[in-house]
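User: Got a minute to walk through this one with me? I'd like to start with helix packing and then move on to whatever else stands out.

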Amino acid sequence: MATINATALPQLPFDADLTYINGRWVGSSSGKTCNVENPAVGAVIATVCESSASDVDAAVQAAHAAFYEGPWVNEYSGAQRRDALLALASAIEQHRKDLELIESINTGKPIADVRAELDDTIDLFRHFAGYADKVEGRHIAAQTNAQLEGYTVKVPVGVVGFINAFNYPLCLLAWKVAPALAAGCTVVFKPGPQTPLTTQYFAYLLHETGLFPEGVFNVVLGGVEVGQALVDHDLVDKVGFTGSVATGKHVIRSTASTARVRATSVELGGKSPGVVMPDVDLDRVAQLVVGGCMSNAGMNCNALTRLWVHRSVYDAFLPRLKAAAEALVLGTPQDERTQMGPLIDRRQYERVLEYIRIGREDDRASVLTGGQALETGVPGYWVQPTIFSNVAPSARVATEEIFGPVLSVLEPFDSLDEVIRVERMSEFGLAAGIFTRNHSDVAKFTRRMRCGTIWVNNYNALYSYLPFGGFRNSGFGRELGYESFDGYLATKAIIDDVSF
């Protein structure tokens, strides 16, 4: 039985039961509140306000006024926005120890993983700050009329409403907010209801820089109703969403059915495949596969959860995979030795256990390791790292997103062409990985697979300068890289009669 200890939340420099709208900390107009848990021990650590529809309206109105009337867009140069974002990155860096501890307690993430996420968060704001003073258009010389000169200008899209997922609260905030602010947009941000604390802390740090005018960044807190009010608001010019396929489709329908159609970017689910070819170091690849699946307790949209292993190494690989999973250290998330934490809440815990039951009973898959809740002696949401083997490619545990520490090793394969043919029929297209020394196989796999990110002999490496996003039910639009920044800009064409 693993021993899990509760860690005290550090003193917050803001009132957790307030939210940040139009440069001020305010309570909910409804007076409603919701509890925030430490999922490692199932205990309440804070109470935050639950925003109402009128609070959402106030936040959007503030962002709208800041965009159309305030200095952020109309007076600030790109260099000034750059410097504001750089100052914000420095503020995050100065407060990173508190942010790391709060994030680890609120999410249940191992502290070592959170430390890496803070590195990424700081880097993201510095990276996108560099784009703020490099917004460029094109000059198009006269083509059919010598008297007409044409050129394009890039302008910010306007007010952006973000709905974030619970699994990477601060890091995904940076993915979204850094490029949007660099482009000159204003923001209304809704964090996942389970993990709002570092978003509030971020708002506090943004405010303390003194460089962001009122209304440029606003926070609303709550669940489905709050998100719906944000998506439905006619003054929101673009919606960015990260979450499930079902909710993402609802967001898309909602943005198309309001009085004004608006741009949408959605990063949705995945059932990402990995392929183990026979020419690799099996011990090393077993470690990479387990890390690719079990990182963040499997609560990654791009988690490697569907594994193809070549027939010639199948029997040799499975014991190595089992040993790698069983070597993972599960424990108090704030312990430096911990490698995997709990699931986020009871709902996700019960969902994952139900899928394990489905795999065992309905899909008739073999349990290689795990397959049960982890006994800890505390009411947290712990599940053992679980691996099924000899799973049919069409089985539910092999085709449906579970969002937990569950890996399906499919029936052995003989031909990479066979794998690609099956995977191209998947409803998802977020990510994939291949482990091989054969560059012909690499070329075939990377060119023919229909997914947004493909890892070769590594997994889960993401960088601020490389775009991330999916195909099909994994969404559309890109985060990270220049493509993300460009997604918060719109193009105007200017035609000038120079003879006038």
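Analyst: Sure. The crossing of H6 and H7 is right-handed. Keep in mind that this is a predicted model.

User: OK, at what angle do H6 and H7 cross, and how far apart are the axes?

Analyst: Helix H6 (residues 169-183) and helix H7 (residues 197-209) cross at roughly 40 degrees, and their axes come within 10 Å. Angles between 35 and 65 degrees fall in the oblique class, so H6 and H7 are oblique to each other.

User: Which residues make that contact?

Analyst: On the H6 side you have Pro169, Leu170, Leu173, Val177 and Leu181, and H7 brings Thr198, Thr199, Phe202 and Leu206.

User: And how do the residues of the contact of H6 with H7 divide into nonpolar, polar and charged?

Analyst: Seven are nonpolar, two are polar and none is charged.

User: What about H1 and H8, how do they pack?

Analyst: Helix H1 (residues 53-68) and helix H8 (residues 224-232) have their axes 9 Å apart, at an angle of about 40 degrees. That makes H1 and H8 oblique to each other.

User: Is the crossing of H1 and H8 left-handed or right-handed?

Analyst: Right-handed.

User: Which residues meet there?

Analyst: Ala53, Val56 and Val60 come from H1, and they meet Val226, Ala229 and Leu230 of H8. The split for this contact is six nonpolar, with no polar and no charged residues.

User: Switching to cores. Which residues touch the most other members in the largest nonpolar core?

Analyst: Leu307, Phe317 and Leu407, out of 70 residues in that core. Helix H10 (residues 282-294) is the element that gives the most to this core, with seven residues.

User: What does leucine 307 touch, leaving out residues up to four places away in sequence?

Analyst: Quite a list: Gly274, Val275, Val276, Val289, Phe317, Leu321, Leu407, Ser408, Val409 and Leu410. There's also another core apart from that one, with 65 residues, including Leu12, Val48, Ile92 and Leu173.

User: Leu173 rings a bell.

Analyst: Yep, Leu173 is also one of the H6 residues in the contact with H7.

User: Now alanine 297. Where is it found?

Analyst: In the loop between H10 and strand E13 (304-309).

User: Buried or exposed?

Analyst: Alanine 297 counts as buried, because its relative accessibility is 2% and the cut-off for buried is under 20%.

User: What is alanine 297 in contact with, neighbours within four places aside?

Analyst: Met340, Gly341, Pro342, Leu343, Gly404 and Pro405. For proline 405, the C-alpha separation from alanine 297 is 5.0 Å, although the two are 108 residues apart along the chain.

User: Last topic, backbone. Which residue other than glycine has a positive phi near 75 degrees?

Analyst: Asparagine 460. Asparagine 460 is in the loop between strand E18 (453-456) and strand E19 (475-476). With a relative accessibility of 23%, asparagine 460 counts as partly exposed.

User: And what is phi for arginine 472?

Analyst: About 55 degrees, so positive there too, and arginine 472 is not a glycine. Arginine 472 also has its place in the loop between E18 and E19.

User: How accessible is arginine 472?

Analyst: Partly exposed, with a relative accessible area of 36%.

Technical notes: Residues are numbered from 1 along each chain as its sequence is written. This is a predicted model: local features need pLDDT of at least 70, side-chain atom pairs count only at pLDDT 80 or more; totals for chains, interfaces and linings use all residues. Side-chain values use heavy atoms; hydrogens and water are left out. A nonpolar core is a set of buried Ala, Val, Leu, Ile, Met, Phe, Trp, Tyr and Cys residues joined through side-chain atoms within 4.5 Å. Buried means under 20% relative accessible area, exposed over 50%, partly exposed in between (1.4 Å probe, protein chains only). Helices (H or I, at least four residues) and strands (E, at least two) are DSSP runs, numbered from the N terminus. Contact means heavy atoms within 4.5 Å. Axes are lines fitted to C-alpha atoms, for helices over the stretch in contact, and angles run from 0 to 180 degrees between N-to-C directions. Angles under 35 degrees count as roughly parallel, over 145 as roughly antiparallel, 65 to 115 as roughly perpendicular and the rest as oblique. A crossing is left-handed if the near helix is turned anticlockwise from the far one by less than a right angle, and right-handed if clockwise. Ala, Val, Leu, Ile, Met, Phe, Trp, Tyr, Cys and Pro count as nonpolar, Asp, Glu, Lys and Arg as charged, and the others, Gly among them, as polar.
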